[in-house]
Amino acid sequence: MSADLGSAGTRIKLGIVANEFFDRDVGRIGGFGWAAARVARCFGEDPALGVDVVFLPGEVNAADRGAERIVHGTRLLGVGAASEYAKRVRRERLDLLLLIDFRPGYRIAIWARPRTPVILWARDPRPPEDVARVSTLEIPGAPGIQPQGVSPLDCTSFARVVRRAWWWRRRVLVATTTPYLHAKVPGTYGVKPRDVFTLPNIIDVQPGPVRKSASPTVVFLGRLDPYKRPWIAVELARRFPEVTFLVLGQSHVRGAGAWSPIDLPQNVRLLGHTEGAEKEAALSAAWMLVNTSIHEGLAVSFLEALAWKTPILSCQDPEGVASRFGVYVGRWDGTGLQGLPAFAHGLRRLLDNTALRERLGDEGRQWVAATHTRSRFLEAFAELCRRTGLRPRFGAAVGA
């Protein structure tokens with residue numbers, strides 16, 4: 001363990017294991033990478049917290065073979081052969097492993113430190129019933145073609161990590177981003193932990209007023225891959241030519257089983273992958289966020305939109321977030337195009353009622369500020385650290 005700092009607590013060396021790191025140079029741009037980057041930024045920007053972070057790839061293709069680099073100001077270990085990668089992980093002398101969800105490829109890093117405590121941060125657990133729902137996905141105009149990115153992934157090998165932990169006296173904890181997901185843990189990971197904890201997301205809620213665009217604007221925020229069903233947003237835009245649709249995201253897959261944004265109506269603007277001030281400006285100006293995915297855990301895009309007082313129009317309603325802070329249009333499997341009338345009805349309802357949009361946006365922002373912020377994350381993470389036997393410097397007294 002790192003040096004003890006007495007009453008000030010212990011300096012912790014944290015290994016974050018993920019299959020992406022929100023950097024196009026080292027892999028995909030997705031929610032798992034977003035979470036890894038946010039945690040690294042949280043601790044990297046405040047050394048007084050006493051946590052040193054290193055990124056551990058959970059896939060061989062997550063970094064150049066053997067090449068270490070800096071991503072988001074954090075060291076990303078090179079991979080190389082499995083045996084060499086395991087040696088690199090062992091040399092790091094880590095105090096704690098934080099798994100950004102779980103994938104079978106994570107086990108190399110996990111076994112390399114057999115006594116190091118593990119926290120599984122389950123972000124998108126998919127038990128068999130959710131897998132069955134996703135399996136209905138179809139791309140319009142492509143009958144018989146398997147959509148890319150929806151193949152079921154067996155994560156029940158995490159149970160082996162838990163069983164071996166008993167022999168090594170390793171502490172293993174499981175947390176989700178929201179209590180709604182607790183019930184999905186056993187069916188996804190093959191374990192029934194005595195306790196499932198909650199580790200919220202880190203969302204920046206900016207103080208001050210939010211200024212919406214003068215003309216109606218809708219934001220679609222997500223990958224342009226079949227899983228997110230962006231074609232629904234496009235067809236919705238076709239029905240509302242007076243509304244500007246800003247599409248923030250890019251495709252991660254190509255070829256058969258992918259979706260290509262062609263023959264778009266004039267009111268659809270493709271902005272590609274967007275970050276920082278440009279992304280914040282779009283969310284701040286938008287009248288609503290439209291989500292058309294066939295499945296979601298607790299979508300980060302929901303939280304980011306609500307932080308800018310932007311209500312949600314969605315066919316997914318995790319923990320009732322869309323129902324409370326927007327319009328839930330019901331579940332629509334397959335292509336989802338059968339749900340277009342419901343989407344159109346919900347969009348019209350929000351467009352025509354300024355007072356409703358403002359109320360939903362205000363309430364949504366208040367909820368995010370109370371549940372998914374840096375201070376809430378640090379409070380929860382400190383408690384998880386204590387339960388693994390570590391003594392973190394930070395805790396409930398940490399400010400926002």
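1. The sheet in this predicted model is open and built from eight strands in the order β3-β4-β2-β1-β5-β6-β7-β8, with mixed pairing; strands are DSSP runs of E with at least two residues, numbered from the N terminus, and two of them pair if DSSP finds at least two bridges between them. At its edges stand β3 (69-71) and β8 (197-198), each with a single partner strand, so one side of each has no neighbour in the sheet.

2. At the β8 edge, strand β7 (residues 172-176) runs parallel to β8 and is joined to it by two bridges, and T176 lies opposite T198 of β8. Helix α5 (residues 158-168) packs on the sheet, where it touches β5 (96-100), β6 (118-122) and β7, contact meaning heavy atoms within 4.5 Å. The direction of α5 makes about 145° with that of β7.

3. Helices α7 (residues 230-239) and α11 (residues 340-351) pack with their axes 10 Å apart and at an angle of about 60°, the axes being lines fitted to C-alpha atoms over the stretch in contact, with angles running from 0 to 180 degrees between N-to-C directions. The two helices, α7 and α11, are therefore oblique to each other, a word for angles that are not under 35 degrees (roughly parallel), over 145 (roughly antiparallel) or 65 to 115 (roughly perpendicular).

4. In this contact I232, E235, L236 and R239 of α7 meet L340, P341, F343, A344 and L347 of α11. The residues of the contact comprise seven nonpolar, no polar and two charged.

5. Residues are numbered from 1 along each chain as its sequence is written, and side-chain values use heavy atoms, leaving out hydrogens and water. Local features need pLDDT of at least 70 and side-chain atom pairs count only at pLDDT 80 or more, whereas totals for chains, interfaces and linings use all residues.

Note on methods:
Helices (H or I, at least four residues) and strands (E, at least two) are DSSP runs, numbered from the N terminus. Ala, Val, Leu, Ile, Met, Phe, Trp, Tyr, Cys and Pro count as nonpolar, Asp, Glu, Lys and Arg as charged, and the others, Gly among them, as polar.
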